[in-house]
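Trainee: I'm new to this one, and I'd like to know how the labels get decided. Can we go through it together?
Mentor: Sure, ask away.

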Amino acid sequence: MDDFGTYQGAFNIFTKVRCIGQAENCIIGVIVDYSKSSAATASMVGNAVGPVGYAVGEMIGRERDQRVSRIYDFFFALLNFTETGVGILPLSGGGMKIHPEKLTPCYDGFVFYYYQELSGISVKNYFGIRKSVKAITINLLNGYKLHFNANMVEKPLPYQENDMKRLVSRFGK
């Protein structure tokens, strides 16, 4: 079983998908911001215009999700920021928090974006005020965005604090 509860375990998981940088590996555990998914889009449009809005919103959101990636099918993910790009490895399983013993890497859902495919990465305080939680946005050149939330300190992931500090210093606004 793959255990990402230690830095070496997370490093080994990213080695399996060939997402290891030569000089830089900044690995963090994140929550996928589900509010940007097709289900959330359907709910927002449905609430605004009624039952037909749910179908239209689902169709709009699903198309966006399929173009960007399957990441919105998952609630948690591991990100690895290397010197060449960003690897996103979804985690399947349950729970309300990141617990390595309850989550397993979904290797067939792995996505890698080279920095040349991105128009930017931003790391901001959650809702502009919570310094302990960061909203991470990865902007693709085609206009689509991937949204994640990450705690600065994640107790089950002892490497999270150091790597989040590195990430904030590099992409923080």
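Trainee: Which residue in β7 stands opposite valine 123?
Mentor: That's isoleucine 136. Keep in mind that we're looking at a predicted model.

Trainee: What makes β6 and β7 a pair of strands?
Mentor: Strands pair once there are at least two bridges between them. β6 and β7 have 8 bridges, so they pass, and they run antiparallel.

Trainee: How do you know that β7 and β8 pair as well?
Mentor: Hold them to the cut-off of at least two bridges. β7 and β8 are joined by 7 bridges, so they count as a pair, again in the antiparallel sense. One of the matches is asparagine 139 with lysine 145 in β8.

Trainee: What sits in the hairpin of β7 and β8?
Mentor: There are 4 residues between the strands, and glycine 143 takes a positive phi near 95° in this hairpin. Another positive phi belongs to arginine 18, near 55°, following α1.

Trainee: Why is the contact between glutamate 24 and arginine 170 called a salt bridge?
Mentor: The rule asks for a side-chain nitrogen of Lys or Arg within 4 Å of a carboxyl oxygen of Asp or Glu. Here the N to O distance is 2.6 Å, so the pair qualifies. It links distant parts of the chain: glutamate 24 is in the loop between α1 and β1, while arginine 170 is in helix α4, 146 residues apart.

Trainee: Are those two residues buried, partly exposed or exposed?
Mentor: Partly exposed is the label between 20% and 50% relative accessible area. Glutamate 24 comes in at 23%, so it is partly exposed. Arginine 170 has 39%, so it gets that label too.

Trainee: How many salt bridges does the rule give?
Mentor: The count is 3. Glutamate 161 and lysine 165 make one of them, with 3.6 Å from N to O, so they fall within 4 Å. Both lie in helix α4, 4 residues apart, which is about one turn of the helix. Aspartate 163 and arginine 166 make another, with their closest N and O atoms 3.0 Å apart. They also lie in helix α4, 3 residues apart.

Trainee: Why is aspartate 163 called buried?
Mentor: Buried means under 20%. Aspartate 163 has a relative accessible area of 4%, so the label fits. Its partner arginine 166 is at 36%, so that one counts as partly exposed.

Trainee: What about glycine 93, buried or exposed?
Mentor: The cut-off for exposed is over 50%. Glycine 93 reaches 54%, so it counts as exposed. You'll find glycine 93 in strand β3. Leaving out residues up to four places away in sequence, glycine 93 touches Lys102 and Leu103. The C-alpha atoms of glycine 93 and leucine 103 are 4.6 Å apart, although 10 residues separate them along the chain.

Trainee: How do you know that the buried residues of α1 are on the same side?
Mentor: The buried ones are Gly9, Ala10, Ile13 and Phe14. They cover an arc of only 135° around the axis, so they end up on the same side of α1. Their cover includes β1, β2, β3 and β4.

Trainee: Which residues have the most contacts inside the largest nonpolar core?
Mentor: Phe81, Ile88, Ile138, Phe148 and Leu167, in a core of 27 residues. β1 gives the most to this core, with 4 residues. There's also a second, separate core of 15 residues, and it includes Phe4, Val17, Ile27 and Leu89.

Trainee: What does phenylalanine 148 touch?
Mentor: Leaving aside neighbours within four places in sequence, its contacts include Val30, Ile71, Leu79, Ile88 and Ile138.

Trainee: One more: how many disulfides does the structure hold?
Mentor: It holds 0. As for the cysteines, cysteine 26 has 2% relative accessible area, which is under 20%, so it is buried. Cysteine 106 is at 13%, so it is buried too.

Methods
Residues are numbered from 1 along each chain as its sequence is written. This is a predicted model: local features need pLDDT of at least 70, side-chain atom pairs count only at pLDDT 80 or more; totals for chains, interfaces and linings use all residues. Side-chain values use heavy atoms; hydrogens and water are left out. Helices (H or I, at least four residues) and strands (E, at least two) are DSSP runs, numbered from the N terminus. Buried means under 20% relative accessible area, exposed over 50%, partly exposed in between (1.4 Å probe, protein chains only). A nonpolar core is a set of buried Ala, Val, Leu, Ile, Met, Phe, Trp, Tyr and Cys residues joined through side-chain atoms within 4.5 Å. Contact means heavy atoms within 4.5 Å. A disulfide is a pair of cysteine sulfur atoms within 2.5 Å. The arc is that of the directions from the helix axis to the C-beta atoms.
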